[in-house]
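The exercises below concern the enclosed spaces, the open pocket and the ligand site of one protein model. Please work through each task with the structure open before reading its solution.

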Amino acid sequence: MDTGADDAKRRDEADPLASVRDRFSIPEGELYMDGNSLGVHSSDAERALSNAVEEWKELGIRGWTDADPDWFHYGERLGDRLAPLVGADEAEVVVGNSTTVNIHALFSTFYDGGEVVVNELDFPTDHYAIRAQMRRLGLDPDDHLVVVESRDGRTIEEEDVIDALTPETSILFMPSVLYRSGQLLDLKRLTDAAHARGALAGFDLAHSVGAVPHRLSEWGVDFAVWCSYKYLNAGPGAVAGLYVNERHFGTEPGLAGWWGHDKETQFEMETTFTPAANAGAWQIGTVPVFSAAPLLGSLEPFEEVGIDPVREKSLSLTDFLIEIVDELPEYRVGTPRDPERRGGHVAVEHEEAYRIGEALKERGVVVDFRPPNVVRVCPAPLYVGFHDVWRVGEHLREIVETREYESLDRRGGGVT
Ligand SMILES: *Cc1c(COP(=O)(O)O)cnc(C)c1O
């Protein structure tokens, strides 16, 4: 047998996280490398969802008070559970809405005109939302959105972000991990720099929560958003999360709604809005219990294992994958090699990335393509092993050796 395969098997045997894998459902015959886009089903998530359905059946409206956790405080209780993953106090975290809506909720609160510093490699929804918030204030987004450029098309230098900050900057808003290249930014350094210019620092953690530890409170980050259906495995369209630093508690939310009202007096039904004295104030409407319930279960493996071992395994897996790709013909690695600058996935670059991605899918390797030339490969540490990664390497090798992608159609539209 190939020494690489032996080595991979030895690593799997020594892996302290190997036992949690059985709780996840990998579609039959697939190598699932897309956990940064949609995490897989787990028995924990299903049990929690079934439990919520059962509570609805048995309790009816009494579920708001008698379910466990009670639906009335569902957002807050899930916030308590998420707080360790983002390094915040329990009161600073809540779930609600979607990531995009939470960007709107936080910008409508904290953006007061001035410049917003973002980067050209951002996930598009962030720019759509911020530009819309600028137009709401009667501002021209082209004059107020400062877009930091990439030097190499893959990564963003923190130095360039810091240089873009001026006394006109109102908010620095960046991703923790870039969705395409997988670069991890230094959030503490960026937060310090924003504060030194009198600006706020907000982050989109969609590609780091559940893969990378954070210390949002300690770093003094002002606000953050993330989704629960990627590394957190809470299912398609699961409820999103947000963090607001306690120094901002009491600020009037821009998108006020009764679910953000002080819970003690919410049902007095006053028409005057009294925001909750914590991050709960940024909820808007009723918590979507069935898209939140799976998260109660899917957080369990993280709580049992701890985020630091998850990160450690994630880095070993991506190191291993990078080593393998380096040995292959034609492919390039577009992800930073320095572990401190790397999130949980690897960007494998090739001019034919789209058709290679399609060929991988035909072989049962679930990855995604991101234009113009990236196949994203994500070995999610809770349910992917080293031998899986080795097999992905073999598929990549065979696909270029056989040129089998040449028989596939070039890129059309649709979800990739
Ligand atoms: C996945 C992702 C989103 C998704 O936003 P939704 O509102 O959940 O659709 C937003 N931002 C980033 C950076 C993402 O990676």
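**Exercise 1.** Find which residues line the largest cavity, and establish how they divide by class.

*Solution.* Begin with the lining itself, which consists of Gly210, Tyr231, Asn233, Phe302, Val310, Ala380, Pro381, Leu382 and Tyr383; on a 1 Å grid over the protein atoms alone, a cavity is a set of points where a 1.4 Å probe fits but cannot get out, and lining residues have an atom within 4 Å of a point. The model is a predicted one, in which local features need pLDDT of at least 70 and side-chain atom pairs count only at pLDDT 80 or more, while totals for chains, interfaces and linings use all residues. Residues are numbered from 1 along each chain as its sequence is written, and side-chain values use heavy atoms, with hydrogens and water left out.

Next, sort the lining by class: 7 residues are nonpolar, 2 are polar and none is charged, where Ala, Val, Leu, Ile, Met, Phe, Trp, Tyr, Cys and Pro count as nonpolar, Asp, Glu, Lys and Arg as charged, and the others, Gly among them, as polar. Finally, note that at least three lining residues come from each of domain 1 (5-32 + 306-400) and domain 2 (48-303), with bounds taken from an automatic or database domain assignment.

**Exercise 2.** Describe the lining of the second largest cavity.

*Solution.* The residues to locate are Val95, Gly96, Asn97, Trp259, Gln283, Ile284, Gly285, Val287 and Pro288. Sorted by class, this lining has 5 nonpolar and 4 polar residues, and no charged ones.

**Exercise 3.** Which residues surround the ligand, and which polar side-chain atoms approach the ligand?

*Solution.* First list the shell, taking residues with a heavy atom within 4 Å of the molecule: Ser98, Thr99, Thr100, Phe123, Thr125, Asp126, Asp204, Ala206, His207, Cys227, Tyr229 and Lys230. By class, the shell holds 4 nonpolar, 5 polar and 3 charged residues.

Then look for polar contacts, meaning pairs of N or O atoms within 3.5 Å. A polar side-chain atom of Tyr229 is 2.6 Å from a ligand oxygen atom, whereas an N or O atom in the side chain of Asp126 lies 3.4 Å from a ligand nitrogen atom. The backbone also takes part, with a polar atom of Thr99 at 3.4 Å from an oxygen atom of the ligand.

Definitions and conventions:
A polar contact is a pair of N or O atoms within 3.5 Å; within protein, one must be able to donate a hydrogen and the other to accept it, and residues adjacent in sequence count only if both atoms are side-chain atoms. On a 1 Å grid over the protein atoms alone, a cavity is a set of points where a 1.4 Å probe fits but cannot get out, and a pocket is an open set with protein on both sides within 12 Å along at least five of seven lines; lining residues have an atom within 4 Å of a point.
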